[in-house]
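Please take the reader through this model in a viewer, one selection at a time. For each stop, state what to select and what is found there.

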Amino acid sequence: MDLNYSPEETAFRDEVRGWIRANLPDALRDKVLNYRELSKDDLLSWHRTLAKKGWVAPFWPKEWGGTDWTVVQRYIFEEECEAAGCPPVVAFGVRMCAPVLLRFGTDAQKQRFLPRIYNGDDFWVQGYSEPGSGSDLASLKTRAVREGDHYVVTGQKIWTTLGHYGDWIFCLVRTNANTEKRQDGISFLLIDMKTPGITVRPIVLMDQGHEVNEVFFDEVKVPAEHLVHEQDKGWTVAKYLLGYERMGTGRIAFSKRELARVKDMAGKAMKNGRPLLDDPRFRDRLSRVEVELMALEITNMRFLDQLRGGRAPGAEVSLLKIKGTEIQQAITELAMQAAGPLAQAFRPVNGDEGFDRLTASLFPRYCNLRKATIYAGSNEIQRNIIAKATLGL
Amino acid sequence: MDFEYSDEQRLLSETLRKFLNTGYSFDARDKIMKTAAGYSDDVWAALAEMGILGVPFAAEHGGFGGTTVDMMVVMEALGEALVVEPYLATVGLGGQLVARGGSEAQHTRILPALIAGKLKMAFAQTERGSRYDLRQVSLRAKKAGDGWALDGEKCTVLHGGAADLLVVSARTSGGDSDERGISLVLVERTAPGVKVSEYRTLDNQRVADITFTNVQVGRDALIGAEGAGHALIEEVVDYATALVSAEAVGAIKYAHDATLDYLKTRRQFGVPIGTFQALQHRMVDILISYEQAKSIACLACVKVDTAAAAERRRVVSAAKIKIADACRHVSQEAVQLHGGMGMTEELKISHTFRRLTTIAQLFGDADHHLERFAQS
């Protein structure tokens, strides 16, 4: 065991850091670090920059563009990207659809979709949740009826993150309503969002932002060749994918950057004539979060290290999700608290001269991050998974 | 970076665990802790025989030159079995002060005997008013002839009664809370003027209050330079803190396993209580605490060997904060989930509860280390 970077790892870190410095546009970085909304172009332009360098999907197999990096290198890369304020690589294509295609897709599907995912030609989104199917995902009702060489899809998806940017959506649909187990009779379909019959409606969240959507399907014709794996066997695919979905939710490198920013803010905010950072009440709560994050950084790498050799992530990512999201939320709470009364101003009414946009973003971010313990399987569902899969309860 | 134990470390773990599983059952431990000495000479000899007493010491003295990660392997196993022998006091504290700060002559005189199991040690540091402050030393050592004379008191010295040889922190100059002016002095436990009052602890280890009245030692009793002991004390206490963090990880592992087993076998309302979601989620949180404690203990054990003093302080305090919190969380939950049985002397879980409670405060509780972490 050695938890210090080797000289090779340090050299790799320097290489990544240098490349980002040379290639990340200032305007984009400022948007990220000031918590401004990122447009589809913002997200895809950075995706394409990484793709050109060959770094957009490090964990893919080498033949499809993966980098063969070690777990440590991947973490270093992630950490450098977050620290520098790079936009995120949206997970739905690279981290979710692609692993599914690599595991279950036909050669034709791989050839058609993987290069486009890699290059950022298509913006992928995820169609899982429905109004009546949240934690109980297998109860989903959106139905797909086979008619000749097509499926006809009718129903509704909800909480579709960035659905308004989507070019393609991967969906779980019910192809058989008469099975004994509800998990049987579900299929995994790839759907072009330009197909007639699809309507996307925004859902505004309590931070006033537009991030999630409802997606309606009204007799949408989907070519049968866009079925992944076998008909009625989509649950196998769904479970495989959920592990990958959760893998990205710990966001440890992101939390490290955010924690450093809170420290910075609390070092500047004053209380009783001295920095808030030196106030023992505030500092103790901050330190406990910092220590939890230090531990999680190691836990994360210990677990990922165990996944070498291509085993799909299992219950261990549930643990990372639980702790990682708790930490993310705690940091937004500390940040808002560091701003004190100044955290109240949200939007200027009479022109924005002198308006402190960064401080104004702290309260909505605190609100927004409540999602983290709910999405990708609520933290209660993650505990159910660990109880069953790891503990055998 | 590398997150696995090496083959040698796995072998060390297997050897020690095999011995503890057969020779250190809960019943065997019960008999040992009820003896007059409170530990077993046979077990101590066996630990020497297996080389466990020599893990961190240099090969030239008969040790293995092991890293703190090697010691982590040992401490996890000792923690899981709730070993009551004075291993931490001898190998982790007294022996370390000699190995790191002692002269050639002291090395030769002490370390081979220690490694062979013929010499036990303790570190007499804490005083009644010092809490966890390593600078607070009022026991005095005054020049007397060619050597020194010690006067003062130490309290709750870990395994002070079992020790043949004590390392005593003594003030040779300055005020009671000055960083400078603290010296480390070797004193035979049976030397004239040394009075030892031994106590059982609730977790079945031993501590001692020790009074020193005009205790005469020679010039060669000093470890390191006169008045410059503080840095070495802090280094060794940080080392020992990393070790008890690893010991806690082992005890937490036991609490986790025993509680999980209990949830699967204890039946109420016609079903195993582990089928209840309210208990499942609490069991998952125990697992999370275990994994997080293990990670931070790894970090501490790696960094005490490789980091400069400032980073070492920061990481060790971080570890102790997390370990203290995990000790409290897991021990309390383990008793709660065991119900009434968890309260009983009869079950190992209550002994584990007590050991974890002690470790939570050993070498500084979470509050102490939160303060130190914030300053580092």
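## First stop: a residue at the chain boundary

Select Leu287(B) and display its contacts: apart from neighbours within four places in sequence, they are Ile386(A), Thr390(A), Leu391(A) and His256(B). The model is a predicted one. Leu287(B) belongs to helix α8 of chain B. Is Leu287(B) buried or exposed? Leu287(B) is buried, because 21 other C-beta atoms lie within 10 Å and the threshold for that class is 20 or more. For a sense of distance, add Leu184(B) to the selection: Leu287(B) and Leu184(B) are 103 residues apart in sequence and 41 Å apart in space, C-alpha to C-alpha.

## Second stop: the contact between chains A and B

Now select both sides of the contact between the two chains. Chain A contributes 30 residues and chain B contributes 29 residues. On the chain A side, the elements that give two or more residues are α9 (280-306), α10 (316-339) and α13 (379-389). Which of the elements gives the most to this side? That element is α9(A), with 14 residues. Coloured by class, the side of chain A that touches chain B shows 16 nonpolar, four polar and 10 charged residues.

Keep α9(A) in view and add helix α9 of chain B, residues 309-338. The axes of α9(A) and α9(B) come within 9 Å and cross at roughly 95°. The two helices, α9(A) and α9(B), are therefore roughly perpendicular to each other, since angles of 65 to 115 degrees are classed in that way. To see the contact residue by residue, select Ser287(A), Arg288(A), Val291(A), Glu292(A), Met294(A) and Ala295(A) on α9(A), together with Ala318(B), Ile321(B) and Lys322(B) on α9(B). By class, the contact of α9(A) with α9(B) comprises five nonpolar, one polar and three charged residues.

## Third stop: a helix pair within chain B

Hide chain A and select α7 (residues 230-265) and α8 (residues 277-306) of chain B. These helices pack at an angle of about 160°, and their axes are 9 Å apart. How are α7(B) and α8(B) oriented relative to each other? That angle makes α7(B) roughly antiparallel to α8(B), as the class takes in angles over 145 degrees. The crossing of α7(B) and α8(B) is left-handed. In the contact of α7(B) with α8(B), 18 residues are nonpolar, four are polar and three are charged.

Within this pair, centre the view on Ile252(B), which is placed in helix α7 of chain B. Ile252(B) counts as buried because it has 31 C-beta neighbours inside 10 Å. Leaving aside neighbours within four places in sequence, the contacts of Ile252(B) are Ser289(B), Tyr290(B), Ala293(B), Ala326(B), Val330(B) and Leu356(B). A distance label drawn from Ile252(B) to Tyr24(B) should read 18 Å between C-alpha atoms, for two residues 228 apart along the chain.

## Fourth stop: the domains of chain B

Colour chain B by domain: domain 1 spans 7-119, domain 2 spans 122-227 and domain 3 spans 231-375. The centres of domain 1 and domain 3 of chain B, taken over C-alpha atoms, are separated by 22 Å. Their contact takes 20 residues from domain 1 of chain B and 25 residues from domain 3 of chain B. On the domain 1 side, α4 (68-81) and α5 (87-101) of chain B each supply at least two residues. The largest share of that side, 10 residues, comes from α4(B). By class, the side of domain 1 of chain B that touches domain 3 of chain B has 11 nonpolar, six polar and three charged residues.

## Last stop: two loop residues with positive phi

Select Arg131(B), in the loop between β1 (121-124) and β2 (140-144) of chain B. Phi of Arg131(B) is near 45°, a positive value in a residue other than glycine. Arg131(B) counts as exposed because it has 11 C-beta neighbours inside 10 Å, and 12 or fewer places a residue in that class.

Then move to His159(B), in the loop between β3 (147-158) and β4 (165-171) of chain B. His159(B), which is not a glycine, has a positive phi of about 55°. His159(B) is buried, with 26 other C-beta atoms within 10 Å.

Terms used:
Residues are numbered from 1 along each chain as its sequence is written. Chains are lettered from A and ligands numbered from 1 in the order in which they are written. This is a predicted model: local features need pLDDT of at least 70, side-chain atom pairs count only at pLDDT 80 or more; totals for chains, interfaces and linings use all residues. Domain bounds come from an automatic or database domain assignment. Two residues are in contact if their C-beta atoms, placed from the backbone, lie within 7 Å. Helices (H or I, at least four residues) and strands (E, at least two) are DSSP runs, numbered from the N terminus. Ala, Val, Leu, Ile, Met, Phe, Trp, Tyr, Cys and Pro count as nonpolar, Asp, Glu, Lys and Arg as charged, and the others, Gly among them, as polar. Axes are lines fitted to C-alpha atoms, for helices over the stretch in contact, and angles run from 0 to 180 degrees between N-to-C directions. Angles under 35 degrees count as roughly parallel, over 145 as roughly antiparallel, 65 to 115 as roughly perpendicular and the rest as oblique. A crossing is left-handed if the near helix is turned anticlockwise from the far one by less than a right angle, and right-handed if clockwise.
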